[in-house]
Amino acid sequence: MKYIDEYRDGGLARSIAATIAREAVSGRHYKFMEFCGGHTHAISRYGIEDLLPSNVEMVHGPGCPVCVLPVGRIDDAIRLAMRPEVTLCTYADLMRVPASSGASLLKAKAAGADIRMIYSSMDAVLIAETEPARQVVFFAIGFETTTPSTALSIGLARRKQLTNFSVFCNHVLTPPAIRAILDTANLPEVERVLVDGFVGPAHVSTVIGTSPYVGLAAEFEKPVVVAGFEPLDVVQAILMLVRQVNEGRSDVENQYIRAVAAEGNLIAQREIAEIFELRETFEWRGLGELPASALRLRETYAQFDAEQRFDVVPVPAADNPACECGDVLRGLKKPADCKLFGTVCSPETPMGSCMVSPEGACAAHWTYGRFRDRAKASAVRAMA
Amino acid sequence: MCLAIPIRVEALLPDQMARVTLRVGDYVLLHVGYALTRLDPDEAERTLALMREAAVPGLPTMKEAAA
């Protein structure tokens with residue numbers, strides 16, 4: 001496929017990795033966080049870690065919307081779906097995410113709730129139009145990439161004067177999450193993630209541009225390289241980060257220039273601003289309550305807000321206490337450090353959401369990375 | 001979740017909510033049924049040129065290895 005195959009050239013990736021190995025100063029350790037689940041997936045799937053020299057380490061970030069959604073919001077969605085008049089429309093990613101007491105949307109569907117998997121938020125509007133007797137609720141989730149499509153669907157529902165369409169909004173913002181990772185001054189030392197730079201969001205940046213990272217890079221003196229999701233994009237971004245570190249720079253650079261403009265997509269930004277406003281605070285799995293980190297519908301669009309229409313009252317809910325997703329999402333632990341990993345927790349029976357989404361760090365490691373662990377372990381045994 | 005794929009525009013239909021000028025033959029990044037942005041063919045080629053520049057000379061690329 002054009003614009004995909006040419007960015008998956010293994011020989012070129014090995015050559016760039018050789019340049020990284022040459023330029024990474026021996027005796028210095030480089031630790032970079034890839035923000036997005038899309039990057040995590042590319043790194044695992046294409047074995048990028050195997051190409052990098054041992055002193056260049058990648059840690060996974062919180063950029064997987066399914067993974068950072070707190071359990072309580074899934075519980076709320078299940079309660080909405082159990083209402084007899086409601087049809088809950090959701091992206092398939094959310095179906096198997098564990099809720100409280102072993103529940104999930106998939107189990108709720110099996111128990112009779114009207115839950116439908118859709119490809120596009122537009123499908124939910126069309127269902128509302130063709131089934132006027134149903135109250136159609138769209139379970140909206142995602143970073144800035146996905147928010148414009150939700151905004152356009154709400155605009156469309158308004159133009160069609162639909163009274164049976166609403167949105168359960170869980171859209172979150174990337175810059176506050178990057179801030180939460182970097183702003184560790186008040187945390188105890190063991191909880192600080194010390195990274196030398198970020199592989200910055202890809203498709204989020206097509207919408208918001210590169211300027212939102214400029215203040216963060218300057219304030220915390222960490223380079224950010226916005227990068228695409230293909231393996232060559234990631235490898236090139238890592239080289240750009242190594243060079244910035246070597247030169248003592250902390251700039252925002254754009255590797256994904258074929259898709260990302262500095263100012264982003266202004267039309268999409270206007271659509272978002274028309275319909276959404278900032279929540280004072282929102283809970284993130286792993287990162288806790290973050291101020292001004294999520295969106296809700298403006299008062300002028302209240303009729304499309306499922307939380308208001310159905311009086312959604314948040315009920316606090318805790319994760320499985322043994323699940324280490326929180327530390328994995330902050331880059332403090334790797335998936336295999338969790339004692340549930342690969343024992344009771346696997347993609348078939350996930351205990352935490354990082355094992356559900358293919359972009360989740362645990363699912364990516366389960367699908368691709370664990371074979372490397374096994375090879376390493378047997379190499380150690382052979383030496384002993 | 002943020003998955004998007006490069007898709008070639010084959011035809012422009014009415015009521016597609018497009019407010020940018022797209023031409024048949026352009027490539028866009030498609031995410032949950034919506035175009036996020038138009039891909040810039042010149043920048044795409046420039047990125048590949050920079051990648052080749054960053055590569056150590058001597059190691060074959062995929063195409064060269066296949067030839």
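Let us begin at A:Leu173, which sits in the loop between strand 6 (165–171) and helix 9 (174–182) of chain A. Keep in mind that this is a predicted model. With a relative accessible area of 15%, A:Leu173 falls under the 20% limit and is therefore buried. What does A:Leu173 contact, once its neighbours within four places in sequence are left aside? The partners are A:Phe143, A:Glu144, A:Leu278, A:Trp284, A:Ala292, A:Ser293, A:Ala294 and A:Leu295.

One of these partners, A:Ser293, is a good place to go next. A:Ser293 is 120 residues away from A:Leu173 along the chain, yet the C-alpha atoms of the two are separated by 5.3 Å. You will find A:Ser293 in another loop, the one between strand 12 (288–291) and strand 13 (295–297) of chain A. Is A:Ser293 buried or exposed? Its relative accessibility is 0%, so A:Ser293 counts as buried. The side chain of A:Ser293 also has a polar partner: it reaches the backbone oxygen of A:Leu290 at 2.8 Å. Leaving aside neighbours within four places in sequence, A:Ser293 touches A:Val172, A:Leu173, A:Pro176, A:Arg279, A:Phe282 and A:Trp284. A:Trp284 thus appears in the contacts of A:Leu173 and again in those of A:Ser293.

Now for the cysteines. A disulfide is a covalent bond between the sulfur atoms of two cysteines. Over all chains, the structure holds one disulfide. It joins A:Cys64 to A:Cys67, with an S to S distance of 2.3 Å. The link of A:Cys64 and A:Cys67 is right-handed, with 65 degrees about the S-S bond. Both ends are tucked away from solvent by the accessibility rule: A:Cys64 is buried at a relative accessible area of 4%, and A:Cys67 counts as buried at 1%.

Why does A:Cys169 form no such bond? The closest cysteine sulfur, in B:Cys2, is 15 Å from the sulfur of A:Cys169, which is too far for a bond. A:Cys169 counts as buried, at 1% relative accessibility. For A:Cys338 the closest cysteine sulfur belongs to A:Cys323, and because the separation is 5.8 Å, it is too far for a bond. A:Cys338 is buried too, with a relative accessible area of 10%.

Let us finish where the two chains meet. The size of an interface is often given as the accessible area lost when the parts come together. Between chain A and chain B the buried area is about 3,800 Å², and carbon and sulfur atoms give 67% of this. How many residues does each chain bring to the contact? Chain A brings 53 residues and chain B brings 37 residues. There are 10 residue pairs in polar contact between chain A and chain B, counting pairs with both residues at pLDDT 80 or more. The rule for salt bridges finds zero across this interface.

Which elements of chain A supply at least two residues each to the side that touches chain B? They are helix 1 (10–23), helix 4 (65–68), helix 7 (121–130), strand 5 (135–142), helix 8 (147–159), helix 10 (203–208), helix 12 (231–246) and helix 13 (266–275). Helix 1 of chain A gives the largest share of that side, nine residues. By residue type, the side of chain A that touches chain B divides into 24 nonpolar, 16 polar and 13 charged residues.

Note on methods:
Residues numbered from 1 in each chain as written. Chains lettered and ligands numbered in written order. Predicted model: local features only at pLDDT ≥ 70, side-chain atom pairs only at ≥ 80, totals over all residues. Heavy atoms only, no water. Contact = heavy atoms within 4.5 Å. Buried area = accessible area lost by both parts, 1.4 Å probe. Salt bridge = Lys/Arg side-chain N within 4 Å of Asp/Glu carboxyl O. Polar contact = N/O pair within 3.5 Å; in protein donor to acceptor, adjacent residues only side chain to side chain. Helix = DSSP H or I, 4+ residues; strand = E, 2+ residues; numbered from the N terminus. Nonpolar A, V, L, I, M, F, W, Y, C, P; charged D, E, K, R; others polar. Buried < 20%, exposed > 50% of the residue type's maximum accessible area, 1.4 Å probe, protein only. Disulfide = S-S within 2.5 Å.
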